[in-house]
Amino acid sequence: MKLKEQLELYFVMGSVNCDRDPREVLTEALEGGVTMFQFREKGEPCLEGEAKLELAKDLQKICQQFSVPFIVNDDVELALLLNADGVHVGQEDDDIEEVRRRIGTKLLGVSAHNVEEAKRAIALGADYLGVGPMFLTTTKADIRKVEGPNVLKKIRTAGITIPLVGIGGIKLNNASEVIQAGADGIAVISAISRVPGTARKMSNLLRARHDPEFVE
Ligand SMILES: Cc1ncsc1CCOP(=O)(O)O
Ligand SMILES: C=C1C=NC(C)=NC1=N
């Protein structure tokens with residue numbers, strides 16, 4: 001399966017984003033049609049050390065049962081220890097070239113906020129970009145200015161064809177807007193982690209656009 005297809009419904013989550021056992025939340029999300037998963041253990045009070053490692057191992061096993069890629073946010077050490085399928089880093093995180101050197105051919109996702117950051121990430125070896133925040137969100141404390149889906153159009157107009165997901169405040173009622181603006185998929189935290197059944201609804205919505213009689 002091509003990376004653009006794998007990025008269609010990208011669930012990002014950590015224990016902080018869950019009101020119940022993250023293992024149950026992930027299993028239900030994967031049953032609902034999530035196509036890629038990122039373990040992002042951030043915020044207050046996030047797990048560390050042994051507890052973080054144990055949860056990561058369990059979530060990776062669940063992804064393997066569904067043959068869905070398991071990506072680790074920021075923690076390159078953990079990604080290598082688990083032989084994860086890839087890492088996702090921010091523009092400011094460890095220098096992107098250094099991360100690429102350490103992970104070899106594993107997937108490298110980089111956050112980008114505008115065209116200039118998108119170009120920089122690509123030059124440094126990104127395989128896909130996470131662009132946002134698309135809409136207002138309280139899930140991430142230190143979000144940059146909300147540029148909206150328009151920034152996706154600008155990136156595509158700049159001739160950038162790399163696989164892209166939008167992220168930030170994406171819900172069932174605004175997901176289509178992100179795709180129409182040029183994203184290959186959507187990256188979602190709370191809409192899926194806190195509301196059972198949302199993954200299935202988003203999956204159906206996203207897949208419908210490939211149906212022949214689909215009219216936008
Ligand atoms: C990690 C991240 N990066 C930009 S916004 C965001 C949080 C997205 O969370 P939610 O899907 O709950 O709005
Ligand atoms: C900040 C982020 C942006 N995009 C993605 C896919 N994941 C992230 N953690």
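Which polar side-chain atom lies 2.6 Å from an oxygen atom of ligand 1? It belongs to Thr137. Before we go on, a word on the ground rules: this is a predicted model, where local features need pLDDT of at least 70 and side-chain atom pairs count only at pLDDT 80 or more, while totals for chains, interfaces and linings use all residues. Residues are numbered from 1 along each chain as its sequence is written, chains are lettered from A and ligands numbered from 1 in the order in which they are written, and side-chain values use heavy atoms, with hydrogens and water left out.

**Ligand 1**

Let's look around ligand 1. Its neighbours are Arg40, Thr137, Thr139, Lys140, Ile143, Ile167, Gly168, Gly169, Val188, Ile189 and Ser190 (a residue is near a molecule if one of its heavy atoms lies within 4 Å of it). Sorted by type, this shell has four nonpolar, five polar and two charged residues. Here Ala, Val, Leu, Ile, Met, Phe, Trp, Tyr, Cys and Pro count as nonpolar, Asp, Glu, Lys and Arg as charged, and the others, Gly among them, as polar.

The table lists some polar contacts of both ligands, meaning pairs of N or O atoms within 3.5 Å.

| Ligand atom | Protein partner | Distance |
|---|---|---|
| oxygen of ligand 1 | Thr137 side chain | 2.6 Å |
| oxygen of ligand 1 | Thr139 side chain | 2.6 Å |
| oxygen of ligand 1 | Gly169 backbone | 2.7 Å |
| nitrogen of ligand 2 | Gln38 side chain | 3.0 Å |
| nitrogen of ligand 2 | Asn73 side chain | 3.1 Å |
| nitrogen of ligand 2 | His88 side chain | 3.4 Å |

**Ligand 2**

Now for ligand 2, which has Tyr10, Gln38, Arg40, Asn73, His88, Ser111, Gly130, Val165, Ile167 and Ala187 around it. That shell splits into four nonpolar, five polar and one charged. With its nitrogen 3.0 Å from an N or O atom in the Gln38 side chain, how much of ligand 2 does the protein cover? Of the 270 Å² of accessible area that ligand 2 has on its own, the protein covers 91% (areas come from the Shrake-Rupley method with a 1.4 Å probe).

Where does ligand 2 sit? You'll find ligand 2 in the largest pocket, and the space taken by ligand 1 is the largest pocket too. A pocket, on a 1 Å grid over the protein atoms alone, is an open set of points with protein on both sides within 12 Å along at least five of seven lines. A molecule sits in one if more than half of its atoms lie within 2 Å of its grid points.

**An aromatic pair**

Searching the whole structure turns up three aromatic pairs (Phe, Tyr or Trp rings, the six-membered one for Trp, with centres within 6.5 Å; planes under 30 degrees apart are stacked, over 60 edge-to-face and the rest tilted). One of them is the edge-to-face pair of Tyr10 and Tyr128, at 5.8 Å centre to centre and 70 degrees between the planes. Tyr10 belongs to strand S1 (residues 9-13) and Tyr128 to strand S6 (residues 128-131), so the pair ties together parts 118 residues apart in sequence. Strands (E, at least two residues) and helices (H or I, at least four) are DSSP runs numbered from the N terminus.

**Backbone oddities**

Most residues other than glycine have a negative phi, and most peptide bonds are trans. Glu44 and Pro45, though, are joined by a cis peptide bond with omega about -10 degrees, and Pro45 is in the loop between strand S2 (36-39) and helix H3 (49-65). Gly132 to Pro133 is cis as well, with omega near 5 degrees. Asp74 has a positive phi near 65 degrees and is found in the loop between strand S3 (70-73) and helix H4 (76-82).

Technical notes: A polar contact is a pair of N or O atoms within 3.5 Å; within protein, one must be able to donate a hydrogen and the other to accept it, and residues adjacent in sequence count only if both atoms are side-chain atoms. On a 1 Å grid over the protein atoms alone, a cavity is a set of points where a 1.4 Å probe fits but cannot get out, and a pocket is an open set with protein on both sides within 12 Å along at least five of seven lines; lining residues have an atom within 4 Å of a point.
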